[in-house]
Amino acid sequence: MTHILAFAEQRGGALRKVALEAVSTARGLADGQDGEVHALLLGAPGIAAHAESLFEYGADVVLVVEHDGFAQYNAESASAFVADRIASGAYRAAIFAASAMGKDLAPRVAGKLKTALASDVTSLAREGDAYVVTHPTYTGKVIATARLLAKPALISVRPGAIPAIAKPRTGRVEKVAPVGDPAKSRVVVTETSTSDSKKLDLGDAPVIVSGGRGLKASEHFHLVEELADAFGNAAVGATRAVTDEGWRPHSDQIGQTGRVVSPDLYVAVGISGAIQHLAGMRTARTIVAINRDKDAPIFKVADYGIVGDVFEVLPVLTKAIREAKKAQG
Ligand SMILES: Cc1cc2nc3c(=O)[nH]c(=O)nc-3n(C[C@H](O)[C@H](O)[C@H](O)COP(=O)(O)OP(=O)(O)OC[C@H]3O[C@@H](n4cnc5c(N)ncnc54)[C@H](O)[C@@H]3O)c2cc1C
């Protein structure tokens with residue numbers, strides 16, 4: 001019997017979309033095999049209420065650890081607990097998100113277990129006794145393929161790269177005691193600062209509208225925000241040129257030195273398509289680029305291109321999206 005563990009990420013008591021993606025990925029690996037999907041959920045008392053969502057995406061078992069010490073992510077106690085759980089549970093693999101939290105947690109767990117970790121994976125499949133994963137490297141210019149033979153194999157998946165697909169199971173919740181006392185951890189989270197809790201996180205948004213230097217000034221970003229607003233499920237991103245200028249906060253930056261995203265739709269507005277920007281968005285499922293320069297490199301990765309002035313194109317596009325949404329009801 002070989003189970004697959006999925007780390008179910010939560011922030012502030014809310015389940016993150018990457019948690020469902022991790023469970024769904026684990027389900028894909030477990031199907032047809034003799035083993036279960038165990039979703040691991042750490043949080044403050046009450047976090048077990050999210051178990052239903054995890055069953056919906058394919059968990060057979062939701063392992064819940066409710067403790068005030070897990071209300072916020074704590075690298076020391078979370079990694080100790082997750083490593084202990086994997087070591088004690090006959091797991092063939094453990095799936096994490098390659099999110100900020102997962103990038104911190106998964107290598108710590110791999111170190112404790114002295115096992116292999118494939119990080120920031122964009123696809124994975126089972127091949128005999130191995131897992132075959134792909135991982136973009138050299139700012140996305142090369143796609144590396146790796147065969148993972150380690151047991152357990154740890155894999156962190158790029159947010160949005162493997163969609164969460166509902167596959168409901170009738171599962172069971174198992175409450176588990178933490179290892180030691182998480183409240184006594186040497187790591188103390190004193191403050192968490194969030195940019196705007198009402199804003200959709202770039203990692204969770206199915207649609208991202210990103211603006212570049214082609215917008216000319218911060219006061220023109222309302223055009224980008226209005227297009228995002230018309231979609232209704234979109235977040236606003238930016239290039240480094242824009243964040244360096246202070247037109248948008250650094251938390252909005254997409255790229256090699258910013259966020260790496262894989263939304264269903266990425267709209268690049270007035271963005272040249274520098275390699276460092278592409279590193280953060282080229283795995284988006286559909287890319288639309290608007291640029292007045294028909295030779296801009298962004299068109300090489302775009303599925304759809306509009307050669308035109310953003311100040312003329314954006315109002316028309318926003319109006320068209322609003323009307324299409326209205327017609328849909
Ligand atoms: C180590 C390193 C790390 C980096 N990390 C990142 C990163 O993480 N993310 C990132 O984005 N960049 C990063 N960069 C910077 C990157 O190299 C580019 O400089 C940056 O992405 C360019 O941003 P941009 O496309 O907004 O601006 P530009 O390259 O100036 O492009 C502006 C585009 O707008 C078009 N345009 C202008 N006016 C209009 C108009 N009216 N209508 C339509 N189109 C118009 C132009 O044709 C042009 O293509 C990094 C650079 C280095 C060296």
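## Contacts of Ala30

Two residues are in contact if their C-beta atoms, placed from the backbone, lie within 7 Å. In this predicted model, Ala30 touches Ile4, Gly35, Glu36 and Val37, with residues up to four places away in sequence left out of the count.

Ala30 belongs to helix α1. Ala30 is buried because 23 other C-beta atoms lie within 10 Å, where 20 or more are required. Arg126 is 96 residues from Ala30 along the chain, and the C-alpha atoms of these two residues are 9.5 Å apart.

## Nonpolar cores

The largest nonpolar core contains 60 residues. Ala6, Ala22, Val23, Ala39, Ile95 and Ile155 have the most contacts inside this core. The greatest contribution comes from helix α1, residues 17-30, which supplies 8 residues. Another core lies apart from it and has 40 residues, including Val260, Ala268, Ala302 and Leu317.

For Val23, when neighbours within four places in sequence are set aside, the contacts are Ala6, Ala8, Val37, Ala39, Leu54, Tyr57, Gly58 and Ala59. Val37 is thus listed for Val23 and also for Ala30.

## Shell around the ligand

The ligand is surrounded by 27 residues, of which Gly212, Gly214, Arg240, Gly255 and Ser272 come nearest. By class, the shell consists of 14 polar, 8 nonpolar and 5 charged residues.

Three helices, α6 (240-245), α7 (275-278) and α9 (310-328), each provide at least two residues of this shell. The most come from α6, which gives 3 residues.

Terms used:
Residues numbered from 1 in each chain as written. Predicted model: local features only at pLDDT ≥ 70, side-chain atom pairs only at ≥ 80, totals over all residues. Near = placed C-beta within 6 Å. Helix = DSSP H or I, 4+ residues; strand = E, 2+ residues; numbered from the N terminus. Nonpolar A, V, L, I, M, F, W, Y, C, P; charged D, E, K, R; others polar. Core = buried A, V, L, I, M, F, W, Y, C linked by C-beta atoms within 7 Å. Buried ≥ 20, exposed ≤ 12 C-beta atoms within 10 Å, placed from the backbone.
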